[in-house]
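Here's a short problem set to work through with the model open in your viewer. Try each task before reading its solution.

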Amino acid sequence: MTAKILDGTVLAQKLRADFKTRAEALAARGTRPGLAVILVGEDHASQVYVRNKVNACAEAGFHSEKISYPPDVEPAVVLKKIAELNADSRIHGILVQLPLPKHFDSDAVLKAISPEKDVDGFHAENFGALMQGNPRFIPCTPYGVMKFFADAGIDLKGKEAVVIGRSNIVGKPMAMLLMQAGATITVCHSQTRDLLFHTRRADILVAALGRAQFVTAEMVKPGAVVIDVGINRLPNGKLCGDVDFAAVSQVASAITPVPGGVGPMTITMLLANTLEAAEREAL
Ligand SMILES: Nc1nc(=O)c2c([nH]1)NC[C@@H]1CN(c3ccc(C(=O)N[C@@H](CCC(=O)O)C(=O)O)cc3)C=[N+]21
């Protein structure tokens with residue numbers, strides 16, 4: 001079998017065209033969707049992601065602001081900026097790029113963002129609401145993954161879904177969304193005893209553990225849908241996912257590539273959340 005490629009760049013373009021129309025309609029009524037992105041430090045990958053986010057905003061007709069700080073900035077300075085952005089009527093979404101330097105208490109920073117502007121969905125209040133099945137903002141990466149299923153007509157009801165990775169930003173919310181869509185979920189992680197037993201039963205396999213080409217063909221049930229959330233840089237400078245794409249695409253029925261899969265959809269759903277925040281405010 002050769003898997004159908006779930007193309008994140010194509011799906012992102014489709015969705016973003018709709019966002020642009022909605023942003024223009026909103027702007028005509030006096031509200032232009034606005035996103036503020038806070039970046040602390042000089043990590044190269046983070047700079048690339050933040051630039052991509054700001055560019056995506058411009059293309060969709062959103063207002064955006066990038067606020068950069070040196071790696072040794074006092075947390076109080078960042079918290080003061082967040083308070084200003086919370087009160088700024090031009091800003092509907094605030095994102096603090098993670099990870100933060102070690103001298104930061106990340107939970108305290110995420111809690112400082114107004115829940116109404118928390119377009120990442122990482123604030124405890126929003127995360128709790130998602131767990132209760134009543135989300136205000138769905139975290140961008142798992143939200144983007146759910147769009148792949150919807151777009152490809154993949155029904156999740158009764159399916160065995162296995163998520164590898166239990167992070168707060170991907171694994172945990174991903175599992176919850178899959179469960180709420182009717183799948184039976186299993187979450188695997190570094191302490192899982194027999195990973196192969198679990199992954200080989202998966203109709204839907206989501207890899208979000210952060211190890212290059214970790215998921216091999218023998219781990220995948222023939223015909224499974226494989227979603228690759230990983231972004232790893234190989235020693236040769238090339239980007240690759242958590243899945244051995246060449247081998248697994250011979251076994252799976254559908255698969256997301258890296259690059260061009262989940263990454264562009266993450267940015268797209270950040271736009272979606274910012275637009276939804278602006279639309280709510282303009283009601
Ligand atoms: N508060 C917060 N929210 C985030 O959403 C967040 C974050 N912090 N910290 C870092 C991760 C990572 N992330 C990516 C987004 C897009 C691509 C993306 O567009 N990737 C391209 C390739 C880009 C490249 O060439 O490096 C692709 O997969 O095709 C990747 C990674 C968002 N994150």
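**Exercise 1: What the ligand sees**

Task: Sort the residues of the shell around the ligand into nonpolar, polar and charged.

Solution. The split is 12 nonpolar, five polar and one charged. Keep in mind that this is a predicted model. The shell consists of 18 residues, and the closest ones are Leu98, Pro259, Gly260, Gly263 and Thr266. Next, ask which elements supply two or more of the shell residues: they are α2 (44-59), β4 (93-96) and α10 (262-282). Of the contributors, α10 gives the most, with four residues.

**Exercise 2: Placing the ligand among the domains**

Task: Work out where the ligand lies relative to domain 1 and domain 2.

Solution. Start with the division of the chain: domain 1 is 30-116 and domain 2 is 140-262. Their centres, taken over C-alpha atoms, are 28 Å apart. Now check who gives residues to the shell around the ligand. Both domain 1 and domain 2 do, so the ligand lies between them.

You can set this beside the UniProt record. Its unreviewed entry puts "domain: Tetrahydrofolate dehydrogenase/cyclohydrolase catalytic" on residues 6-120. In the model, residues 6-120 are 49% helix and 16% strand, with 23 Å between the end C-alpha atoms. The unreviewed UniProt entry also places "domain: Tetrahydrofolate dehydrogenase/cyclohydrolase NAD(P)-binding" at residues 139-281. That span comes out at 36% helix and 17% strand, and its end C-alpha atoms lie 20 Å apart.

**Exercise 3: The helix with the most shell residues**

Task: Compare the reach of α10 with the span expected at 1.5 Å a residue, then decide how covered the helix is.

Solution. Count first: α10 has 21 residues. From first C-alpha to last, α10 reaches 30 Å, close to the expected 30 Å. For burial, 16 of the 21 residues of α10 are buried, so the helix is mostly covered.

**Exercise 4: Two strands and their partners**

Task: For β4 and β7, find the burial of each face and the strands they pair with.

Solution. Take β4, which also gives residues to the ligand shell. Gly93 and Leu95 point one way, Ile94 and Val96 the other, and all are buried. Strand β2 (residues 34-40) runs parallel to β4, and four bridges join the two. In that pairing, leucine 35 sits opposite glycine 93.

Move on to β7 (residues 204-207). One side carries Ile204 and Val206, the other Leu205 and Ala207, and all are buried, leaving both faces covered. Strand β5 (residues 160-164) is parallel to β7 and connected to it by four bridges. Here valine 163 stands opposite valine 206. Strand β8 (residues 225-228) is likewise joined to β7 by four bridges and runs parallel to it. Across that pairing, alanine 207 has aspartate 228 as its bridge partner.

**Exercise 5: One valine in a helix**

Task: Is valine 77 buried or exposed?

Solution. Locate valine 77 first: it belongs to helix α3 (residues 75-86). Then count neighbours: 10 other C-beta atoms lie within 10 Å of valine 77. The cut-off for exposed is 12 or fewer, so valine 77 is exposed. As an extra distance check, the C-alpha atoms of valine 77 and leucine 110 should come out 14 Å apart, for a separation of 33 residues along the chain.

Key:
Residues are numbered from 1 along each chain as its sequence is written. This is a predicted model: local features need pLDDT of at least 70, side-chain atom pairs count only at pLDDT 80 or more; totals for chains, interfaces and linings use all residues. A residue is buried if 20 or more other C-beta atoms lie within 10 Å of its own, exposed if 12 or fewer, and partly exposed in between; C-beta atoms are placed from the backbone. Two strands pair if DSSP finds at least two bridges between them. A residue is near a molecule or strand if its C-beta atom, placed from the backbone, lies within 6 Å of it. Ala, Val, Leu, Ile, Met, Phe, Trp, Tyr, Cys and Pro count as nonpolar, Asp, Glu, Lys and Arg as charged, and the others, Gly among them, as polar. Domain bounds come from an automatic or database domain assignment. UniProt positions are given in the numbering used here, feature names are shortened, and annotations may be inferred rather than shown by experiment. The expected span of a helix is 1.5 Å times one less than its number of residues.
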